[in-house]
Protein chains: 2
Amino acid sequence: MSNRISAPSAHDVARIAGVSQAAVSRAFTPGASIAKATREKVFRAAESLGYRPNLIARSLIKGESGIVGVVIGNPMSPTSMSALDALSALLSAAGKHILVFTADGSSAVDVHVEDLLRYRVDAVLLLTTIVSTTLAERCQAEGVPIISFNRPPRGSKFFASVTGDNRGGAKCTAEHLLQQGYRRFGLIAGYSESSTSRDRESGFTSFLVSQGLPQPEREVGHYKREGALLAARKLLARKPRPDALFCANDHMALAAIDVARYEFGLEIGRDVGIAGFDNIDEASWPGYELTTYSLPVETMIEKVVAMLLTRTPRKSPGHTTVEGHFIPRNSTRRTRK
Amino acid sequence: MSNRISAPSAHDVARIAGVSQAAVSRAFTPGASIAKATREKVFRAAESLGYRPNLIARSLIKGESGIVGVVIGNPMSPTSMSALDALSALLSAAGKHILVFTADGSSAVDVHVEDLLRYRVDAVLLLTTIVSTTLAERCQAEGVPIISFNRPPRGSKFFASVTGDNRGGAKCTAEHLLQQGYRRFGLIAGYSESSTSRDRESGFTSFLVSQGLPQPEREVGHYKREGALLAARKLLARKPRPDALFCANDHMALAAIDVARYEFGLEIGRDVGIAGFDNIDEASWPGYELTTYSLPVETMIEKVVAMLLTRTPRKSPGHTTVEGHFIPRNSTRRTRK
DNA sequence: ACCGGAAATGCATTCGTATACAATCCGTTG
DNA sequence: CAACGGATTGTATACGAATGCATTTCCGGT
């Protein structure tokens, strides 16, 4: 009595159907040279055994796995979530699959990408993380494209990227705040190292400076609620108090609203304008009505997938910037209607 | 000039190192019989070529892929997210990897699981979804364990499961509400088909009934904000108005708070008590202070991983229930301090 | 010097599928 | 009827690493 559990192989099916293993393979290969009658015979036999081609073996032969590796940086943001969601839908429609890693530390990313290469993934997508240049080079050398999502790479040579218009969105926000009559600006940045944060910050700041205003007061919130609570407390305690805060993402903006409202007793909009970035769900809730800038994650992922699927090797990787749209809400409206 | 891009193989390394391919394999296999000097020679050669063992080939031989398939139901909830996060951390520590699918429709789940089987995954984890019994049977037959997270299966024979104590949590909530003096109860369910929702519902309702109270008024919110907004409007418009609402998850509870506060002008806690389930981040925000029940997702995932890693085939799959803890906050406090 | 045995190594085969190539089959046409 | 061409089908091999088995090496013991 064999204890071994194993799925039926093409040979088993071939024996039942009375054909060769090659015929079985062809039956499952669209466009292969095989008679309709034979194909059906094979299908019937396969059905009776519950046979499905082993993708591992197929990958070994074809040299490509049908798997796209995704490395997600911490913290797992809602943006990453919806990106992953959209990606999964589009890729599985194309018959590809997703191998996911979450990166805790920054050094872990490289390790994960190494693992991905060992699976001979067809491409690597970096969500909210970056990877060392040496590793990127190796991917390039092995013909595995790396695409960076919302993180335009410095050494742009080895990456492709799809990025939201962080600078533009931040500039829109600055214009709007200025037009609403706010004058003393505060800024809660994400990480100093994050290019997303830097772009949002510089887009905001440079517009203000170009209008003859001083640099805004600045604190760092690390993209997290806790950090933003601290940052908002510091900024709002300054004299004179800033009358508008721009936060590098919505999560921090919501935290800032809570601090302003519940700790400083300010009325949002009238006493202090607060704007965020990303347009997460909570931004539209009646308790917040947060002014923000929406990046079209779905569109961006569509571009990513297009890049992944058109395997045009040897072309220098492209960089795409996608525009979003500005969404003014009551959190930056000076006078309530 | 070859245009072919391909990673170096064990043969290449063997040639450089002046050993056989088998030796290369052994060098990378912990505990294999190989001299230290040889191993180092191999490592040096591998290093110089950038060689890494091809996991696809390894999987083919060993009959196991080191991949765990995860199917995530829509909508991608924060709970799924943190579960995925924890899972990724634990599994990659164990050298396993995660192939992710998101299931749009309910029928899609089966298709995804079929795909997973074709990759010869070592196990399948269902997050927030269920799969047909026939497919479950097939997985069982092929020796691929299926574990269901937070969805105890009806036909428990083919699944293992790790579930939060939904009934118990709901009962705690009912006790608390009663003790706070609420008497006219409303309930916003998730899906009628979802066992999680049914457990939370029945835990709540049956306790009330056991205390001689009538069945609560009931609406279905489909676990989504939009649905919950509608449900809350209907419930709060009834005469007499319920003085407490229990919602099958926090998202819906937050929606209910918004409706009660901004549309009905009620003071949360005093006029109407509102409780949720899951303890998502927003529940603790000062604008909500939502009473809820927290399930220890990390602990649950640890159990899942333990199940996945101890390949004890042929044992009837086990079902585990994990307790969480009740978190009373101001949203169900009749008298503010 | 010799032998025994453990350790190290190489050889050949295996996993399951795809595919180049050779061998058929079939219907058509001259 | 024979030759021909296209469509099918089978045979054999390859993909890259792991492993059973046979062989060699090495070391200590006598």
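**Entry 1: the strand pair**

I looked up Leu99(A) and found that its bridge partner in β2(B) is Leu99(B). The model is a predicted one, so I keep that in mind for each entry below. I then checked the strands around this pair. Strand β2 of chain A, residues 97-103, pairs with β2(B) over three bridges. The sense of the pairing is antiparallel.

**Entry 2: how the two chains are related**

I asked what rotation superposes chain B on chain A. The rotation is 180 degrees, with 0.0 Å of shift along the axis, and the RMSD is 0.1 Å. I noted this as the relation of a two-fold axis. Next I looked for the C-alpha of chain B nearest the axis, and it belongs to Leu99(B), at 2.2 Å. Leu99(B) is thus a residue I have met twice, here by the axis and before as the bridge partner of Leu99(A). I also compared the contact residues of the copies: 100% of those in chain B recur in chain A, and the same surface serves both.

**Entry 3: the contact between the chains**

I looked up how many residues each chain gives to the contact, and found 42 from chain B and 42 from chain A. On the side of chain B that touches chain A, the elements giving two or more residues are α4, α5 (78-93), β2 (97-103), α6 (107-118), α7 (133-142) and α11 (250-263). I checked which of them has the largest share, and it is β2(B), with six residues. Sorted by class, this side of chain B holds 19 nonpolar, twelve polar and eleven charged residues.

**Entry 4: around DNA strand D**

I turned to DNA strand D and found 26 residues around it. The ones that come nearest are Ala22(A), Ser9(B), Ala10(B), Ala22(B) and Ser25(B). I then asked which elements supply at least two residues each to this surface. They are α2 (21-27) and α4 (55-62) of chain A, with α2 (21-27) and α4 (55-62) of chain B. The largest share, five residues, comes from α4(B). I noted that α4 of chain B also appears among the elements that touch chain A. By class, the surface near DNA strand D has 14 nonpolar, nine polar and three charged residues.

**Entry 5: confidence**

Last, I looked up the confidence for chain A. The average pLDDT is 89, and 93% of the residues score at least 70. Confidence in chain A is lowest in helix α7, residues 133-141, with a mean of 81. It is highest in strand β9 of chain A, residues 273-275, at 98.

Note on methods
Residues are numbered from 1 along each chain as its sequence is written. Chains are lettered from A and ligands numbered from 1 in the order in which they are written. This is a predicted model: local features need pLDDT of at least 70, side-chain atom pairs count only at pLDDT 80 or more; totals for chains, interfaces and linings use all residues. Copies are superposed by least squares on the C-alpha atoms of residues with pLDDT of at least 70 in both. Two residues are in contact if their C-beta atoms, placed from the backbone, lie within 7 Å. A residue is near a molecule or strand if its C-beta atom, placed from the backbone, lies within 6 Å of it. Helices (H or I, at least four residues) and strands (E, at least two) are DSSP runs, numbered from the N terminus. Ala, Val, Leu, Ile, Met, Phe, Trp, Tyr, Cys and Pro count as nonpolar, Asp, Glu, Lys and Arg as charged, and the others, Gly among them, as polar. Two strands pair if DSSP finds at least two bridges between them. pLDDT is the predictor's confidence in each residue, from 0 to 100.
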